[in-house]
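Here are a few points to go through with the sequence and the structure side by side. Please take them in order, and check each one on the display as you read.

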Amino acid sequence: MKRYRDIVGDGGSNIVSQVEAQQARLTTRLRDVRAIVAVVSGKGGVGKSSVTANLAAACARAGDRVGVLDADLNGPTMAKMLGVRGAPLVVGAGGVTPPTSALGVRVMSMDLLLADDATPLTWQAPSQAEAHTWRGSMEANALREFLADTDWGALDLLLVDLPPGTDRLATVAGLLPALSGTIVVTIPSDVSSLVVRKSITVARQTGAPVLGVIENMAGLFPGPGGERLAQESGVPFLGGVPFDPALAAAADRGEPYVAAAPEAAAARVLTAIAARVRETLAAARP
Ligand SMILES: Nc1ncnc2c1ncn2[C@@H]1O[C@H](COP(=O)(O)OP(=O)(O)O)[C@@H](O)[C@H]1O
Ligand SMILES: [Mg+2]
C-alpha cells in the first residue's frame with residue numbers, strides 16, 4: 001500500500017486543477033448576480049432563516065430576481081420556509097436548475113439533496129477528531145459546488161442563509177468573488193448580544209459593508225436589544241421584528257409572512273427592511 005509520503009503531488013487525482021476549474025466556474029456563474037448578501041448571527045434560533053426567507057420574498061415582491069443559498073448544510077430550512085421542499089432539482093446543460101418558490105425565489109439547499117429527514121449530514125473520517133478537522137473543508141467544498149454548479153441565472157440579489165457560529169461567514173466569504181454586504185440578526189437578550197457582538201466583528205473582517213443589525217422577536221424578552229448593539233458597534237440598526245407566532249406558523253406552511261400577511265406588524269417591518277437593503281445596494285452599484 002502506498003503511504004502519504006510515497007505519493008507525489010496530488011497522486012494523479014488532479015484535485016488542484018479540479019478545484020481551480022470549479023472556482024472559475026463559480027466566478028463565471030456569479031457574474032450575472034448583482035449583489036450577494038449574507039445573513040448571519042453567532043447565535044442559533046434567533047431567526048436568521050426566517051429573516052432570510054422574508055427578505056427574499058419581500059425583494060421578489062418588489063420586482064427583484066432573487067436567489068437563496070441555504071448554507072446551513074446540517075440544519076437546512078430554506079426549502080421548507082419558501083415552500084419548495086420535495087421539488088426536483090433538474091440537471092441541465094447549464095448545471096442544476098434550482099426550484100422556484102411561489103414568488104419566484106430560486107432556492108438551493110442541502111434539503112433538496114438529502115433523501116430522508118432523519119439522517120444528519122456526516123463527514124466520514126476514521127476518528128471524530130479528524131471528522132472535526134475535515135468538516136470545515138468539506139463544508140467549503142459543498143458550498144463551492146452549490147455556488148458553481150447551480151444555474152442561478154441572472155439575479156439582482158443572492159441571499160445566503162448561514163448556520164450559527166462566528167466562523168462560518170469567513171468560509172463563505174472566502175469562496176465568493178465579492179460579498180456585497182452582511183446582515184446581522186440578534187434577539188433582545190444579554191446572551192445573544194454577547195455572541196452577536198463577535199459576529200459583527202467577523203462580518204466587518206470580510207471587508208463587505210455591514211448593512212445593519214436586525215432585532216428579531218422584539219418584545220419577547222426584556223434584555224438589551226439590537227438597537228443598542230448596533231449603536232455600540234457603530235453599524236446601522238435596520239429595525240425590530242416583533243415576536244409573532246403567526247410568522248412561525250406561516251414559515252411552517254412554506255409561506256413567507258411578508259406575502260401571507262403583508263399588513264401584520266412583523267411583515268411591515270420586514271418589508272421596510274428589505275426596501276432599505278435594496279436602496280443601499282442600489283446606491284453602492286457603480
Ligand atoms: N419574529 C418571530 N416571531 C415568532 N417566531 C419566530 C420569529 N422569528 C423566528 N421565529 C421562529 O423561531 C424559530 C427559529 O427561527 P429560525 O429562523 O429557524 O432561526 P435560525 O435560522 O436563526 O436558527 C422558527 O420556528 C421560526 O419560525
Ligand atoms: Mg437557520
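1. In which helix is Gln22 found? Bearing in mind that this is a predicted model, one can place Gln22 in helix H1, which covers residues 15-29. Gln22 has a relative accessibility of 12% and therefore counts as buried, since the cut-off for that word is under 20%. Leaving aside its neighbours within four places in sequence, Gln22 is in contact with Arg144, Glu145, Ala148 and Asp149.

2. The sheet comes next: 7 strands form an open sheet with parallel pairing, and their order is E5-E2-E6-E1-E7-E8-E9. Its edge strands, each of which pairs on one side only, are E5 (106-108) and E9 (237-242). On average, and with direction ignored, neighbouring strands of this sheet are turned by 20° against each other.

3. Within that sheet, strand E7 (residues 181-186) pairs with E8 in the parallel sense over 5 bridges, and Thr186 has Glu215 in E8 as its bridge partner. Helix H7 (residues 226-233) packs on the sheet and touches E7, E8 and E9, while its direction makes about 160° with that of E8.

4. The largest pocket has a volume of about 290 Å³. Of the 21 residues that line this pocket, Gly45, Val46, Gly47, Ser50 and Met217 lie nearest its centre. Helix H2 (48-61), strand E8 (210-218) and helix H8 (245-253) are the elements that give two or more residues to the lining. Sorted by class, the lining of the largest pocket holds 10 nonpolar, 8 polar and 3 charged residues.

How values were computed:
Residues are numbered from 1 along each chain as its sequence is written. Chains are lettered from A and ligands numbered from 1 in the order in which they are written. This is a predicted model: local features need pLDDT of at least 70, side-chain atom pairs count only at pLDDT 80 or more; totals for chains, interfaces and linings use all residues. Side-chain values use heavy atoms; hydrogens and water are left out. Helices (H or I, at least four residues) and strands (E, at least two) are DSSP runs, numbered from the N terminus. Buried means under 20% relative accessible area, exposed over 50%, partly exposed in between (1.4 Å probe, protein chains only). Contact means heavy atoms within 4.5 Å. On a 1 Å grid over the protein atoms alone, a cavity is a set of points where a 1.4 Å probe fits but cannot get out, and a pocket is an open set with protein on both sides within 12 Å along at least five of seven lines; lining residues have an atom within 4 Å of a point. Grid points are joined across faces, edges and corners, and a volume is the space filled by probe spheres set on the points. Ala, Val, Leu, Ile, Met, Phe, Trp, Tyr, Cys and Pro count as nonpolar, Asp, Glu, Lys and Arg as charged, and the others, Gly among them, as polar. Two strands pair if DSSP finds at least two bridges between them. Axes are lines fitted to C-alpha atoms, for helices over the stretch in contact, and angles run from 0 to 180 degrees between N-to-C directions.
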